[in-house]
Amino acid sequence: MNKTYKILAINPGSTSTKISVSRNEELLFVEDIKHSREELSRFEKISDQYEFRKQHVLDELKRRDIPLDFDATVGRGGLSKAVPSGVFRVNPQMITDQKKAFHQHACDLGCMLAYEIAELIPGCPSFVADPGVVDEMVPEAHITGLPNVKRICIWHALNQKAIARRYAKDRGTTYDKLNLIICHLGGGISIAAHEKGRAVDANNALDGAGPFSPERTGTLPMSEIIHLCFTSGMTEEELLRLVSARGGLLAHLGTNDMRAITERIATGDKHAELVVSAMLWHVAKAIAAEAAVLNGKVDAVLLTGGLCYSDYVVSRLRKRIEFLAPVVVYPGQDEMLALTENALAALKGEREVKDY
């Protein structure tokens with residue numbers, strides 16, 4: 001008889017903590033626990049939110065009469081040191097590295113929550129899978145014009161890898177036999193060239209590399225940024241936040257809500273139309289650039305993320321990139337299912353559990 005595994009998945013976002021409980025592949029429930037900005041504002045650092053969010057997760061499980069008898073917990077991976085793709089067992093060093101990391105993001109809380117809740121359950125392992133710091137890039141992709149500045153990637157590895165495997169399965173093949181360009185369109189935008197199962201090039205979607213997005217500035221003119229650093233009066237932390245959370249559509253239009261923006265465009269807002277057109281222009285350029293990385297041998301371009309629910313976005317982007325290869329759209333991001341599938345494969349011995 002096949003064993004049934006019960007898995008808790010945890011995916012912290014900037015103002016919510018999403019959790020799910022599964023029996024094998026069957027999702028029993030998914031809950032998006034909302035946190036107001038007022039509640040979170042009392043915490044100086046993201047890592048300080050840990051106990052607050054942990055209690056919300058435990059309270060939700062108690063409310064649903066879900067006992068702490070999980071076979072595994074799995075969290076969204078954070079911004080620790082660069083790692084290869086795969087499933088990792090959470091350990092204290094991973095948590096320490098994330099707390100000390102230059103970049104801070106709500107996803108850092110995923111491994112902390114998974115680890116601490118698993119510690120309440122005898123014999124329960126805790127995992128992360130394909131965190132945003134997965135680095136499979138070729139050496140050329142890391143080199144910049146300054147020897148002491150290395151190009152890094154911070155991207156939507158979990159969703160991109162899951163979408164790649166889903167696309168391959170739908171076509172009756174496997175991920176390691178395909179060349180794909182995958183673009184995740186969300187609050188941040190990540191674009192990667194996947195060559196035979198390996199993301200050989202990907203941008204840093206968190207702090208200003210690639211196209212601008214609903215919340216992030218993307219690549220900026222370097223001399224202008226240097227000037228801003230010395231003349232704006234802003235602190236390093238404020239400038240980093242500007243680039244990673246206060247730029248893009250939000251800076252231009254006062255909102256990052258694409259539905260509201262397209263409504264403005266529909267009523268004749270020409271400025272909003274121009275800014276969105278510019279964003280899609282730069283996204284298309286970045287997608288086309290990855291075709292050069294793959295020597296023009298592209299089996300498909302996959303679009304995913306929350307912005308793919310917008311026909312306005314998809315239709316205009318498709319016109320600019322469909323000459324490269326067939327364009328296939330996977331709206332949204334099913335990260336809870338991806339986390340669960342990775343944890344289940346690890347429990348079954350179908351996927352290697354790696355040490356951090």
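Q: Which helices each supply at least two residues of the lining of the second largest pocket?
A: In this predicted model, about 970 Å³ of space lies in the second largest pocket. Of the 27 residues that line this pocket, those closest to its centre are D207, G208, M222, I225 and V243. The helices that each supply at least two residues of the lining are α7 (222-231) and α8 (236-245).

Q: How many residues of the lining of the second largest pocket are nonpolar, polar and charged?
A: The lining of the second largest pocket comprises 27 residues. Divided by class, this lining has 15 nonpolar, 8 polar and 4 charged residues.

Q: Why is α10 oblique to α11?
A: The axes of helix α10 (residues 258-266) and helix α11 (residues 270-293) come within 8 Å of each other and cross at roughly 125 degrees. Angles of 65 to 115 degrees count as roughly perpendicular and those over 145 as roughly antiparallel, with the rest outside the parallel range being oblique. The crossing angle therefore makes the arrangement of α10 to α11 oblique.

Q: Which residues in α11 are met by M258, I261 and I265 in α10?
A: The residues of this helix contact divide into 6 nonpolar, no polar and 1 charged. On the α11 side, M258, I261 and I265 of α10 meet A272, E273, V276 and M279.

Q: What distance separates the centres of domain 1 and domain 2?
A: The domain assignment gives domain 1 as 6-130 + 335-354 and domain 2 as 157-329. Between them, 12 residues of domain 1 are in contact with 11 residues of domain 2. Taken over C-alpha atoms, the centres of the two domains are separated by 26 Å.

Key
Residues are numbered from 1 along each chain as its sequence is written. This is a predicted model: local features need pLDDT of at least 70, side-chain atom pairs count only at pLDDT 80 or more; totals for chains, interfaces and linings use all residues. Side-chain values use heavy atoms; hydrogens and water are left out. Axes are lines fitted to C-alpha atoms, for helices over the stretch in contact, and angles run from 0 to 180 degrees between N-to-C directions. Helices (H or I, at least four residues) and strands (E, at least two) are DSSP runs, numbered from the N terminus. Angles under 35 degrees count as roughly parallel, over 145 as roughly antiparallel, 65 to 115 as roughly perpendicular and the rest as oblique. Contact means heavy atoms within 4.5 Å. Ala, Val, Leu, Ile, Met, Phe, Trp, Tyr, Cys and Pro count as nonpolar, Asp, Glu, Lys and Arg as charged, and the others, Gly among them, as polar. On a 1 Å grid over the protein atoms alone, a cavity is a set of points where a 1.4 Å probe fits but cannot get out, and a pocket is an open set with protein on both sides within 12 Å along at least five of seven lines; lining residues have an atom within 4 Å of a point. Grid points are joined across faces, edges and corners, and a volume is the space filled by probe spheres set on the points. Domain bounds come from an automatic or database domain assignment.
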